[in-house]
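User: Please take a close look at one arginine and its surroundings in this model, and then carry the account on to the metal sites and one glycine. I would like a single connected answer, with the cut-offs stated.

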Amino acid sequence: MIPRQRHHLEIVGRVQGVGFRPFVHRLAVELRLAGHARNTSSGLVVEIEGGAEACAGFLHRVRREGPPHAEVRDITVTRLAVQGGDDFHLLASSDGTGAGNAEIMPDLAPCSDCLGELFDPANRRHAYPFINCTRCGPRFSIVLALPYDRERTTMRGFVMCPECRGEYEAPGDRRFHAQPNACPQCGPRLEFTDAAGSRLALGGEALEQAARAVESGHIIAVKGVGGFQLIADARSVGTIRTLRARKHRPAKPFALMMPDPGTVRGHCDLSPPEEDLLGSPRSPIVILRRKSGGLPDLIAPGNPTLGVMLPSSPLHHLLMRRLGFPVIATSGNLSGEPLCTDNDEAIQRLRGIADAFLIHDRPIARPVDDSVVRVALGSELVLRGARGYAPLTLPGRYPPVLALGGDQKCALAVSGPFGIRCGQHIGDLGAETAQLSLLNQCRDFPALCGIQPRAVACDPHPGYHGTGLASGMGLPVIPVQHHHAHVAACLAEHDVDEEVLGVVWDGTGYGTDGTIWGGEFLLATRSDFKRIAHLRPFPLPGGERAIREPRYAALGLLYEAGISVAGTPLAAAFTREELAVAHTQIGRGINTPHTSSVGRLFDAVAALLGLRWRNEFEGQAAMEVEFVAGKSPVPLNGYSIPRGEDGSLDWEPVIRSLLDDLGRSIPVSWIAKHFITALSDLVLDVARREEKATVVLGGGCFQNVPLLELTVAGLRAEGFTPLWPRRLPPNDGGLAAGQAVVASARFQDFLP
Ligand code: ZN
Ligand code: ZN
Ligand code: FE
């Protein structure tokens with residue numbers, strides 16, 4: 001008989017909710033090993049016993065052959081005394097409160113096997129909208145606590161029928177320990193109600209009636225994976241107009257859901273990486289270049305792009321196959337409010353927007369919105385991380401800190417021995433409902449990560465909601481400068497720990513001198529930064545108003561440069577009274593903050609070019625500069641931005657050249673391209689002086705693809721290593737991760 005040995009394995013990484021235990025079981029059985037495996041709150045513990053060769057084979061293969069979404073990050077192996085036995089068992093989870101290393105999986109779109117069954121009339125789950133398996137289905141939106149087991153998910157109220165139970169318990173089955181496993185006999189049920197919540201139909205009939213309602217031009221609220229969506233016929237101008245009026249959303253683009261990639265190709269240009277993203281299990285909204293003709297412009301007025309997703313759950317697959325045409329699929333909320341998740345709450349809050357509701361009885365544990373991505377430099381750039389993307393873990397070892405992010409595009413992060421775990425997009429904290437949602441998640445998310453925070457990190461902006469919240473938590477508060485956090489987030493994402501040149505360009509961030517920053521060059525490490533250069537500040541008459549109305553940012557710019565408004569195209573943007581009032585405001589410094597923000601510079605340029613005087617939604621003017629620059633045929637020599645002794649980068653020559661060019665009737669697209677080229681040249685110029693090998697690009701301005709691509713290409717051509725956020729959003733959605741990094745580096749200084 002071969003001498004036996006026994007090993008204890010602690011496996012850390014993404015090993016729960018991905019079919020990892022069934023895989024471990026199959027592997028052990030194949031190698032004739034005895035032992036057991038069990039989920040713990042820190043991952044998976046496995047004991048194996050058998051011959052040396054079989055044990056070594058197991059150790060080798062368990063790292064490499066796991067199921068598609070699993071990720072083994074670390075295995076600690078300890079030798080144990082031989083115990084004997086022949087069988088390999090899967091044990092119930094331990095209920096211990098471990099370090100919380102176990103990773104929670106994001107919600108994933110149905111896999112090909114489940115889709116096959118969904119549309120197979122002979123299958124017992126034919127047309128069942130809650131079909132799933134160990135490789136797909138809801139995860140983050142249903143988990144209540146760790147370890148991830150059915151009784152700690154919102155599926156705990158559904159008792160499995162004998163057939164489902166059989167699959168769940170059979171190690172060879174692809175639904176073995178699939179926690180949300182369900183079927184028409186025992187699982188959640190669809191229901192269609194009228195606007196007041198009165199039941200009209202159940203099951204398949206509910207889906208049919210919902211489809212008919214959409215076909216006849218009604219707006220229906222659909223309970224999706226992580227919250228309610230509003231669905232409406234995207235081909236109908238009248239319906240879209242009604243939806244815009246009811247949602248108080250006059251111009252901001254709506255996302256679309258299309259039945260299949262073929263339909264997407266009919267309406268948009270689709271590159272191979274874009275097609276991969278659309279069809280990936282994460283199933284995000286992908287920003288695509290639209291083809292002319294076809295769908296109404298009102299979906300995204302004046303916008304050359306469309307945000308498109310494919311069906312992201314079995315329910316959406318059924319609905320979209322039945323409809324066969326593109327629909328608007330937008331968050332079920334009033335503009336500015338967070339997503340509805342609860343049936344009664346949705347019927348209450350969406351009254352007056354939705355004509356009917358397609359709901360079900362599987363509760364949603366937390367709101368998870370649709371994610372938004374685009375492709376830049378051939379790879380993915382995440383603009384909003386939520387369904388399919390959250391939670392996101394950046395590996396590492398950190399002390400336990402809760403980071404609150406910013407007030408715009410708020411998202412939380414929690415650090416701990418597992419690294420930094422980033423929560424889902426919450427939204428802008430202007431609305432009271434959004435603040436409430438943040439408060440809930442401040443409790444929920446650390447608990448879900450198994451962390452008791454010992455400090456809270458936040459933005460030092462005195463007006464931010466999160467800053468007030470942090471100081472009321474009874475924990476040491478670690479303020480982290482806004483733009484430093486942007487750089488640190490990128491350092492953690494790329495696992496870099498050295499001093500870098502950070503180029504952070506965004507709309508608004510509170511500076512250490514109390515002014516608004518946003519055109520920053522920092523020498524930064526994970527713990528500290530030094531501001532080495534920045535855009536020359538200019539006044540924003542009326543403060544917030546200048547953000548909503550780029551014409552005021554332009555006015556501030558001209559005032560600062562001593563250029564008279566008369567004789568520029570901006571003169572037409574104001575009445576005589578408005579001009580007089582604004583000039584008084586600037587002159588006396590009344591409600592006129594100064595800013596070095598590149599975001600505001602983009603706004604001002606948009607207004608000077610006559611593209612947009614008033615924003616209908618955040619970032620609109622800057623987007624239009626990007627779009628119009630995209631029409632310019634070739635890269636041109638940029639305007640130049642000289643650098644003053646004090647590190648101030650002077651935009652004035654650019655503005656003067658721009659006005660000259662306008663006067664000479666140079667096409668606006670060329671001028672816009674000049675402007676963007678000047679900005680990327682500026683990065684190169686500073687990079688050459690500072691001679692840091694690594695240059696980090698961050699902040700919302702780098703969502704601008706031409707700017708990002710030009711800058712990266714320029715830096716690479718001169719031997720620098722440019723880094724930019726990809727899995728984290730470059731905008732304030734990535735702020736919390738950076739706050740957690742900096743706060744961790746300074747943790748000791750802040751403990752009592
Ligand atoms: Zn599946
Ligand atoms: Zn069942
Ligand atoms: Fe920012």
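Analyst: The backbone oxygen of K252 lies 3.5 Å from a polar atom of the R249 side chain, where a polar contact is a pair of N or O atoms within 3.5 Å, one able to donate a hydrogen and the other to accept it, with residues adjacent in sequence counting only if both atoms are side-chain atoms. This is a predicted model, in which local features need pLDDT of at least 70 and side-chain atom pairs pLDDT 80 or more, while totals for chains, interfaces and linings use all residues. Residues are numbered from 1 along each chain, chains are lettered from A and ligands numbered from 1 in written order, and side-chain values use heavy atoms, without hydrogens or water.

R249 itself sits in the loop between α6 (237–247) and β10 (255–257), helices being DSSP runs of H or I with at least four residues and strands runs of E with at least two. R249 is buried (under 20% relative accessible area, 1.4 Å probe, protein chains only), yet R249 has no salt bridge, a side-chain nitrogen of Lys or Arg within 4 Å of a carboxyl oxygen of Asp or Glu. The nearest side chain of opposite charge (Lys and Arg positive, Asp and Glu negative, His and chain ends not counted) is that of D369, 8.6 Å away. Leaving out residues up to four places away in sequence, R249 touches R244, F254, T330 and S335, with contact meaning heavy atoms within 4.5 Å.

Turning to the metal sites, the zinc ion (ligand 1) has as protein donors (N, O or S atoms within 2.8 Å) the SG atoms of C111, C114, C133 and C136, lying 2.3 Å from the ion. The angles of 103 to 117° that these four donor atoms subtend make the arrangement tetrahedral (all angles between 85 and 135 degrees). C114 belongs to helix α3 (residues 112–118) and C136 to the loop between α3 and α4 (162–169), so this pair ties together parts that are 22 residues apart in sequence. C114 and C136 are both buried.

For the zinc ion (ligand 2), the donors are the SG atoms of C161, C164, C183 and C186, at 2.2 to 2.3 Å, and angles of 105 to 117° make that site tetrahedral. Its donor residues are spaced C-x2-C-x18-C-x2-C in sequence, and C183 and C186 are buried.

Lastly, G556 lies in helix α15 (residues 550–561) and is buried, with a relative accessible area of 0%. Beyond its neighbours within four places in sequence, G556 contacts F538, P539, P541 and I586.

Methods. Buried < 20%, exposed > 50% of the residue type's maximum accessible area, 1.4 Å probe, protein only. Donors = N, O, S within 2.8 Å, 3.2 Å for Na, K, Ca; no water. Tetrahedral: all angles 85-135°; square planar, octahedral: opposite > 155°, others 65-115°.
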